[in-house]
Amino acid sequence: MRALDVGWVTCAASPECAGSARRPYGRCLAHLDAADLDEVLADLSPGSAIDLRATSVGARLLERIVAATRGRPGRARFDWAVFPDGARLGDLVFRGDASFDHARFRHLASFFGVRFAGNVSFREARFARELSLHGAVFDGHAAFDGMRVGGDALFGGALFGRDASFENADFQGFAAFDGAAFAGDASLRGCRFRRTVSLRGTRFGGLAGFGGARFFAGGHLAPVLVRRHLSLAGAWAGRDLAVTAGGCPVDLRGLEVCGRLTVRLDGAGADLTGAVLRGPATVRGRAGARLVSLCELDAGDLELADLDLSACPLTGLRHPEGLRLSGCALPSERRDRARGRGFRVFSGWSRMLPPRSGTKMVRAGNRDGDHVSRTRNGRVESTWRAPGSSTTT
């Protein structure tokens with residue numbers, strides 16, 4: 001037996017095998033002869049620990065281990081393991097922590113309905129084809145950081161009891177989280193979704209973080225329920241992106257969308273500072289939904305409907321001529337007694353400027369008055385005019 005820097009005693013059967021050696025045989029389970037393997041499996045029972053690190057786990061070996069533990073293994077170590085025939089582990093209950101870090105799945109990996117009673121980790125795991133965790137239950141922390149899925153990834157109906165992390169994961173097929181529930185924070189920062197991702201009806205008990213994520217084929221985060229905070233800051237979408245959220249702050253700062261953006265807010269506040277919207281965009285609200293900021297927004301075709309804009313700065317807004325308002329709550333009149341002016345200047349807005357050469361007027365009227373924006377070089381430089389007031393030069 002040889003002690004290498006992998007952190008465990010490796011298999012003596014072959015110099016190429018780094019599988020975890022089973023005492024007293026000095027070989028990994030894949031290289032045990034039939035009699036020795038029968039002896040090892042006979043010692044297993046529900047709750048037994050399993051060590052298959054860096055081992056080639058064929059379909060027959062996997063089936064026998066599941067049968068020996070009656071589908072209830074204890075601490076399970078599959079780090080760096082290779083599954084040449086795929087893995088079908090549906091309805092198992094992992095009673096202890098389970099780790100699949102750097103594991104390689106050559107075919108379908110199905111964990112349909114599996115329960116992880118402890119923590120589980122799939123960091124840097126590689127799935128050549130489909131991955132199914134549909135209906136899986138995670139009682140502890142779940143980590144999928146840096147994993148890559150070559151086919152579709154199914155997490156629909158999965159229940160995450162604590163925090164879950166998917167940072168920098170690469171989904172090359174469709175990714176579905178429809179109906180999944182995250183009791184803690186869910187971090188999907190830097191994820192790459194090569195095909196469509198769907199989070200319809202997904203519930204987040206804490207933070208839902210998609211900062212810096214890349215949606216190559218667009219996505220549907222609609223509707224999602226987030227208790228604490230939804231972040232798409234710095235994210236990029238190559239096609240249409242739909243977001244429906246309620247009851248939480250929605251961070252869209254620096255978001256870039258090449259297709260159509262559709263945002264629906266239910267009692268939520270959204271920040272579009274520095275966003276770049278290359279296609280048509282619509283933001284609709286209800287139940288007091290509001291926009292926090294449109295500063296430095298670059299959008300040539302943006303419709304805002306039924307939103308509270310009373311404290312929404314527009315400093316540096318590009319293409320204000322493409323802004324359309326419908327049913328929005330605009331700033332109310334506050335008369336400046338010292339100067340007798342009927343308009344109000346808000347934080348983030350520059351001072352009132354008179355029309356000058358190269359300046360264009362943009363108005364969006366409603367029952368409360370006119371929203372007047374003077375622009376120069378495509379940027380807003382003025383503010384609100386209340387009903388019946390006149391622009392002072």
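## A buried aspartate and other local features

Asp-101 is buried and yet takes part in no salt bridge, the nearest side chain of opposite charge being that of Arg-123, at 4.6 Å. A salt bridge requires a side-chain nitrogen of Lys or Arg within 4 Å of a carboxyl oxygen of Asp or Glu, and the separation of 4.6 Å between Asp-101 and Arg-123 therefore does not qualify. The model discussed here is predicted.

The surroundings of this aspartate can be described in some detail. Asp-101 belongs to the loop that runs between strand E8 (98–99) and strand E9 (104–105). Its side chain makes a polar contact with the side chain of Ser-121, at 2.4 Å, and the side chain of Asp-101 also reaches the backbone nitrogen of Arg-123, at 3.0 Å. Arg-123 thus appears twice in this description, with its backbone nitrogen at 3.0 Å from the side chain of Asp-101 and as the nearest side chain of opposite charge, 4.6 Å away. When neighbours within four places in sequence are left aside, the residues in contact with Asp-101 are Phe-78, Asp-79 and Trp-80, together with Ser-121, Phe-122 and Arg-123.

Aromatic rings form another theme. A search of the whole structure finds 31 aromatic pairs, and two stacked pairs, among them, are set out below.

| Stacked pair | Centre to centre | Angle between planes |
|---|---|---|
| Phe-94 and Phe-116 | 5.1 Å | 10 degrees |
| Phe-171 and Phe-193 | 5.2 Å | 5 degrees |

The pair of Phe-94 and Phe-116 links distant parts of the chain, with Phe-94 in strand E7 (residues 93–94) and Phe-116 in strand E11 (residues 115–116), 22 residues apart. Phe-94 and Phe-116 are both buried. The pair of Phe-171 and Phe-193 likewise links distant parts of the chain, since Phe-171 lies in strand E21 (residues 170–171) and Phe-193 in strand E25 (residues 192–193), again 22 residues apart. Phe-171 is buried, as is Phe-193. An aromatic ring also meets a charged side chain elsewhere, where Arg-214 lies over the face of Trp-236, at 4.5 Å from the ring centre.

The backbone has several features that deserve a check in the structure. The peptide bond that leads from Arg-23 to Pro-24 is cis, with omega near 0 degrees, and Pro-24 is found in the loop between strand E2 (9–10) and helix H1 (34–42). Ala-222 and Pro-223 are also joined by a cis peptide bond, for which omega is about -15 degrees, but here the proline, Pro-223, is placed in strand E30 (residues 219–226).

Positive phi angles are found at two residues that are not glycines. Ala-287 has a phi of about 55 degrees and sits in the loop between strand E39 (281–286) and strand E40 (290–293); because its relative accessibility is 58%, Ala-287 counts as exposed. Asp-306 has a phi of about 55 degrees as well, and its place is in the loop between strand E42 (302–305) and strand E43 (323–326). With a relative accessibility of 42%, Asp-306 counts as partly exposed.

A last loop residue is Leu-330, which lies between E43 and strand E44 (360–366). Leu-330 is buried, because its relative accessible area is 10%, a value under the 20% limit for that class. The C-alpha atoms of Leu-330 and Leu-309 are separated by 5.3 Å, although these two leucines are 21 residues apart along the chain.

Conventions. Residues numbered from 1 in each chain as written. Predicted model: local features only at pLDDT ≥ 70, side-chain atom pairs only at ≥ 80, totals over all residues. Heavy atoms only, no water. Helix = DSSP H or I, 4+ residues; strand = E, 2+ residues; numbered from the N terminus. Buried < 20%, exposed > 50% of the residue type's maximum accessible area, 1.4 Å probe, protein only. Lys, Arg positive; Asp, Glu negative; His and termini not counted. Polar contact = N/O pair within 3.5 Å; in protein donor to acceptor, adjacent residues only side chain to side chain. Contact = heavy atoms within 4.5 Å. Phe/Tyr/Trp six-rings, centres within 6.5 Å; stacked < 30°, edge-to-face > 60°. Lys NZ or Arg CZ within 6 Å of the ring centre and 35° of its normal.
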